[in-house]
Amino acid sequence: MTTPLLEIEDLYAGVCDKEIIKGFNLTINEGEVHALMGPNGAGKSTLSNILCGKEGYSVTSGSIRFKGKNLLAMSPEERAREGIFLAMQYPVEIPGVPTSTFLKHAVNSIRKYQNLPELDTMEFIKMLREEGRKLGIDADMIKRSLNVGFSGGEKKRLETLQMSILKPSFAILDEADSGLDIDALKVVSDGVNALRDGKRSMLVITHYQRLLNYVVPDFVHVYADGKIVKSGGKDLALELEEKGYAEFVKEK
Amino acid sequence: MNNLLQNVKLLGSESPWLSRLRQSGSSAFKEQGFPSAKTEAWKYTKLRELKSKDFIISQTTSDTTAIELPFDCYKICFENGWFCPSSSNLPQGVEVIPLIEAILFHPELHNYICKLANINTHPFVALNQAYLQEGVFIKIEKNVNIKKPLAIISHTEGSDINLLFNLRNIIVLDENSAATVVEYHTYSGDTKSGYLANIVNEIYLASNANLQHYKVQDEAFKANHIAFSAVSQNRCSKYQSFCLQRGANIGRNETLVQLKDEGAETEINAAYLMDGWATLDTTTNVEHLAPHTYSHQLIKGVVSGNAKGVFQGKIHIAPNAIGTEGNQLHKALLLSDNAEVDVKPELEIYADDVKCSHGAASGELDEEQLFYMRSRGIGIEEAKQLLIDAYLDEITTKIDNEKISQWIKLITQENRK
């Protein structure tokens with residue numbers, strides 16, 4: 001019995017007058033990991049931003065339901081509290097806000113929404129240390145301003161840490177492997193795989209197959225010119241690696 | 001002229017010296033009148049509302065409100081502008097004397113009082129001098145370092161009467177001495193009370209003296225707070241100040257620093273945090289009068305609603321003041337479409353071989369940062385607050401005293417009363 005978690009139907013959307021997403025359809029059920037692969041400029045980031053409610057994008061038609069609710073009517077914070085998490089390609093630096101302060105506010109905002117008691121500082125720090133250790137994030141790093149002076153790899157590890165403490169039901173990984181060396185890639189993908197529990201779903205957005213060797217998807221979709229042009233199993237990623245996107249881009 | 005000058009019975013009128021001072025203050029105020037829109041020094045801070053109000057000179061009060069501060073300190077307390085011995089806690093072995101007592105019984109004070117703050121250029125200094133009576137004389141002897149902060153607490157009981165009160169504080173640090181002075185201006189009662197607190201400080205730092213001067217202006221939101229501090233610095237002395245302006249409908253914190261001998265260094269940091277229709281004004285005038293003197297200024301504002309922030313900063317470098325360094329930076333965060341800041345930096349450089357800089361920047365909260373936090377479940381208002389705290393953090397961390405820094409941070413985070 002499969003339960004749909006995210007249902008995107010015939011979505012048309014863009015920025016200003018420029019249409020970027022043109023008839024996009026995708027259903028992700030509970031526990032499934034989907035990979036969305038496509039060339040640069042296909043609109044991958046636009047899709048993840050729209051899913052998270054970033055301002056500046058307009059949806060002209062179509063619908064997105066999350067757990068049966070109209071996602072497009074929710075603010076970014078409501079979406080996060082409902083269980084959507086976007087691991088960003090370029091995490092934002094916030095000077096003056098310590099990483100731990102930021103994470104505590106995030107965790108407690110979500111817990112409050114879910115009617116769970118808020119964590120006090122002691123409980124929170126304990127949890128943060130435990131989860132941080134698994135990802136090689138030390139106490140010094142979480143005291144520093146959020147993402148400020150972090151290397152590319154550190155930023156990606158911190159995104160993974162956030163995912164593991166916020167426990168979303170649906171995570172979007174936007175180019176999670178960009179800027180990672182092979183060791184960091186291993187750490188991040190171990191972190192991601194630890195979160196695959198049969199209930200949590202993921203959408204892995206990437207244009208290289210490399211990451212998919214570590215985070216093995218259930219389904220692979222080829223995304224070109226604003227819509228899915230081909231879907232298949234994990235082998236489709238290997239095929240793409242070999243042939244490139246040329247045939248799909250030509251098709252349009 | 002409105003009723004700011006009234007015939008009230010003041011203490012010490014039998015002293016001809018004191019009467020003359022008051023008389024000259026009164027005449028100077030009459031002569032200059034209220035600053036108008038044409039008065040250059042007040043061109044951004046409009047006093048129309050103040051001018052149209054009736055003020056009552058505060059009468060002695062027996063009620064006192066004990067103000068607790070979250071750090072260990074000596075206290076010099078004023079209630080509605082009157083010295084309050086019962087709530088005060090004065091140090092032993094250091095001269096901390098109520099002003100009127102010092103005027104009448106400590107002739108030494110005459111060397112300092114009404115010497116730095118000029119009645120002919122500053123009408124509110126003149127007004128203050130016309131009522132000379134309340135305040136404190138602090139004198140730290142040579143080689144003495146008072147570790148415990150001295151807190152000057154001015155508390156006003158807000159009511160529907162518009163009180164006017166004047167405080168004059170004289171702070172003298174002798175050679176090689178050090179002290180921390182905290183000024184805290186607060187209120188309770190009617191938040192719409194339209195009182196006027198008119199404060200003048202005259203500060204003397206002898207060679208190698210070191211004063212840390214922290215101020216929190218947290219007056220009622222319809223109140224008015226006009227303050228002028230004049231600082232005279234001798235060789236290798238150090239003045240570090242921080243002022244948070246938060247309450248008040250019209251608030252002005254003006255500082256004049258004269259760096260009179262080599263090696264003198266001054267640091268003026270300030271923050272203002274406002275909404276409603278308030279005008280909060282930070283005016284500085286740093287005069288480098290000797291070679292190798294140093295000044296640093298950082299002022300940051302957070303403005304929302306229909307409020308207006310004003311910064312006027314002047315750095316003057318005299319012809320002989322070679323090897324001098326003066327820098328100044330004002331930044332403001334505008335949180336609404338109607339928020340406004342007016343900035344007037346002025347550099348007057350008459351010497352070669354100096355390093356001087358000024359800068360001003362204003363902006364809004366960063367959309368990318370806000371989105372990032374919201375995408376993690378943090379509500380928009382909470383996210384904004386975190387960003388504002390982060391914005392002010394740069395300046396509150398400049399406060400050396402950890403406990404005072406924490407206290408000031410908390411005040412910036414409190415919601416408006």
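Reader: Why is the pair Glu40(B) and Lys344(B) called a salt bridge?

Author: This is a predicted model, and the test is geometric. The rule asks for a side-chain nitrogen of Lys or Arg within 4 Å of a carboxyl oxygen of Asp or Glu. In Glu40(B) and Lys344(B), the closest N and O atoms are 2.8 Å apart. That value is within 4 Å, so the pair counts.

Reader: What makes this pair a link across domains of chain B?

Author: The domain bounds. Domain 1 covers 1-238, domain 2 covers 266-364 and domain 3 covers 367-417. Residue 40 therefore falls in domain 1 and residue 344 in domain 2, by the assigned bounds. The interface of domain 1 and domain 2 of chain B has 1 salt bridge by the rule. Polar contacts there come to 5 residue pairs, both residues at pLDDT 80 or more. By class, the domain 1 side has 2 nonpolar, 3 polar and 1 charged residues.

Reader: How do you know that domain 1 and domain 2 of chain B are in contact?

Author: Contact needs heavy atoms within 4.5 Å. By that test, 6 residues of domain 1 of chain B touch 9 residues of domain 2 of chain B. The area buried between these two domains is about 730 Å², and carbon and sulfur atoms give 44% of it. On the domain 1 side, Tyr44(B), Thr45(B) and Gln233(B) lose the most area, together 63% of what that side buries. The C-alpha centres of the two domains lie 23 Å apart.

Reader: What makes chain B as compact as a globular protein of that length?

Author: First, the inventory: chain B has 7 helices and 20 strands. Its radius of gyration is 21 Å, and the globule rule gives 22 Å for 417 residues. The two values are close, so chain B is as compact as a globular protein of that length. Along the principal axes, the C-alpha atoms of chain B fill a box of roughly 70 × 55 × 45 Å.

Reader: How many residues of chain B and chain A take part in the contact between them?

Author: Chain B gives 18 residues and chain A gives 32. About 2,000 Å² is buried between the chains, with 62% from carbon and sulfur atoms. In chain B, Phe371(B), Tyr372(B) and Arg376(B) lose the most area to chain A, together 39% of what that side buries.

Reader: Why does Arg376(B) count as forming a salt bridge with Glu159(A)?

Author: Same test again: the closest N and O atoms are 2.6 Å apart. The cut-off is 4 Å, so this pair passes. The count between chain B and chain A is 4 salt bridges. Polar contacts across this interface come to 11 residue pairs, both residues at pLDDT 80 or more.

Reader: Which elements give two or more residues to the side of chain B that touches chain A?

Author: They are α5 (367-374) and α6 (380-396) of chain B. The largest share, 7 residues, comes from α5(B). By class, this side of chain B divides into 8 nonpolar, 4 polar and 6 charged residues.

Reader: What separates Glu239(A) and Lys243(A) in helix α9 of chain A?

Author: About one helical turn, because they are 4 residues apart in that helix, which spans residues 235-243. Their side chains meet in a salt bridge at 3.5 Å, N to O. That distance is within the 4 Å cut-off, so the pair qualifies. Over all chains, the search finds 34 salt bridges.

Technical notes. Residues are numbered from 1 along each chain as its sequence is written. Chains are lettered from A and ligands numbered from 1 in the order in which they are written. Side-chain values use heavy atoms; hydrogens and water are left out. Buried area is the accessible area (1.4 Å probe) that two parts lose on being put together, summed over both. A polar contact is a pair of N or O atoms within 3.5 Å; within protein, one must be able to donate a hydrogen and the other to accept it, and residues adjacent in sequence count only if both atoms are side-chain atoms. Ala, Val, Leu, Ile, Met, Phe, Trp, Tyr, Cys and Pro count as nonpolar, Asp, Glu, Lys and Arg as charged, and the others, Gly among them, as polar. The radius of gyration is taken over C-alpha atoms; the globule rule is 2.2 Å times the number of residues to the power 0.38.
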